[in-house]
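Here is a friendly walk through one protein chain, from a single side chain outwards to the whole fold. Please keep the model open as you read.

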Amino acid sequence: ATKEMGLYVDVLVLNAGVGSRGSHFTMGTDAIRHMIHLNIESATILVSLYGNDMKNRIENFQNSNNTASTSKKIGARILIVSSILGAVPGAPTASMYAASKAYLRSLAWGLAAEFQDLGIGVTCVLPGATSSTKFATSSNIENASVWHFP
C-alpha cells in the first residue's frame, strides 16, 4: 500500500511483539498462534515485502546513475527488535516468547549477510526487560538458568 501511495521506506523498524507467560502446557493454542503470527510471521513477511522494494529501489537508482562522474549512493536499513531472551537459554514460563525472539535474531543475522552487497543493512537489537515493564515483573525471568551459572 505504501508504494501505491508513492511512499518509499528507507528504514524499516520491526518492533511489534507480544509475549505470554505461563507453563507451555497451559498456554492456549490461540495465544501460541497469536505470538507466532505477530513475532515471527508478520516480521518475516514485512521484511520480504519491504526488503524487495528496497532492493529494487537501490538497483533502479544505480542503473539510472551508472556514470563514472556520479559517486552518489543510496542504501536502506532494516532494524529488527528481538530480545535478550532470544540469545540466552532457559526462560521458565517464557519459552515460547524466547523461541520467537531467537527466530528474529537468527533471521537478522542471515539477512544481514544476504543483503549486505545489495546496500541494505540489517541490525538486530536485543533489549532486556526493565523493572517497570509488566513482562519483567511477571515473567519469573530472575529464575532463568542464564543468571545461575557458576
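Not counting residues up to four places away in sequence, Asn39 touches Ala16, Gly17, Val18, Tyr97, Ser100, Lys101 and Leu104, where contact means heavy atoms within 4.5 Å. Asn39 lies in helix H1 and is buried, with a relative accessible area of 0%. Its side chain makes a polar contact with the side chain of Ser100, at 3.0 Å. A polar contact here is a pair of N or O atoms within 3.5 Å; within protein, one must be able to donate a hydrogen and the other to accept it, and residues adjacent in sequence count only if both atoms are side-chain atoms.

A word on the basis of these values: this is a predicted model, in which local features need pLDDT of at least 70 and side-chain atom pairs count only at pLDDT 80 or more, while totals for chains, interfaces and linings use all residues. Residues are numbered from 1 along each chain as its sequence is written, and side-chain values use heavy atoms, with hydrogens and water left out.

Stepping back, the protein has three helices and three strands, and from the N terminus on its elements run β-α-β-α-β-α. Helices (H or I, at least four residues) and strands (E, at least two) are DSSP runs, numbered from the N terminus. Of the 150 residues, 28% count as buried; buried means under 20% relative accessible area, exposed over 50%, and partly exposed in between, with a 1.4 Å probe and protein chains only. Among contacts between residues at least 6 apart in sequence, 68% join residues at least 24 apart.

Now to the strands, which count as paired if DSSP finds at least two bridges between them.

| Strand pair | Sense | Bridges | One bridge pair |
|---|---|---|---|
| S1 and S2 | parallel | four | Leu14 and Ile80 |
| S2 and S3 | parallel | six | Ala76 and Ile120 |

Val13 of S1 also has a partner, standing opposite Leu79 in S2. Which face of S1 is covered? That face holds Leu12 and Leu14, whereas Val11 and Val13 make up the uncovered one.

The largest nonpolar core has 17 residues, and those with the most contacts inside it are Leu14, Val47, Ile78, Ile80, Phe115, Ile120 and Val122. Strand S1 (11-14), helix H1 (29-64), strand S2 (76-81), helix H2 (95-115) and strand S3 (120-125) are the elements that give two or more residues to this core. Such a core is a set of buried Ala, Val, Leu, Ile, Met, Phe, Trp, Tyr and Cys residues joined through side-chain atoms within 4.5 Å. Leaving aside neighbours within four places in sequence, Val47 is in contact with Leu12, Leu14, Asn52, Ile78, Ile80, Leu111 and Phe115. Apart from the largest core lies another, of nine residues, among them Met27, Met35, Ala94 and Tyr97.

Gly22 is found in the loop between S1 and H1. Although Gly22 and Pro92 are 70 residues apart in sequence, they are 8.1 Å apart in space, C-alpha to C-alpha. Beyond neighbours within four places in sequence, Gly22 is in contact with Met27 and Thr93.

Finally, the charged end of Arg105 sits over the ring of Trp109, 4.4 Å from its centre. That description requires NZ of Lys or CZ of Arg within 6 Å of the ring centre and within 35 degrees of the ring normal.
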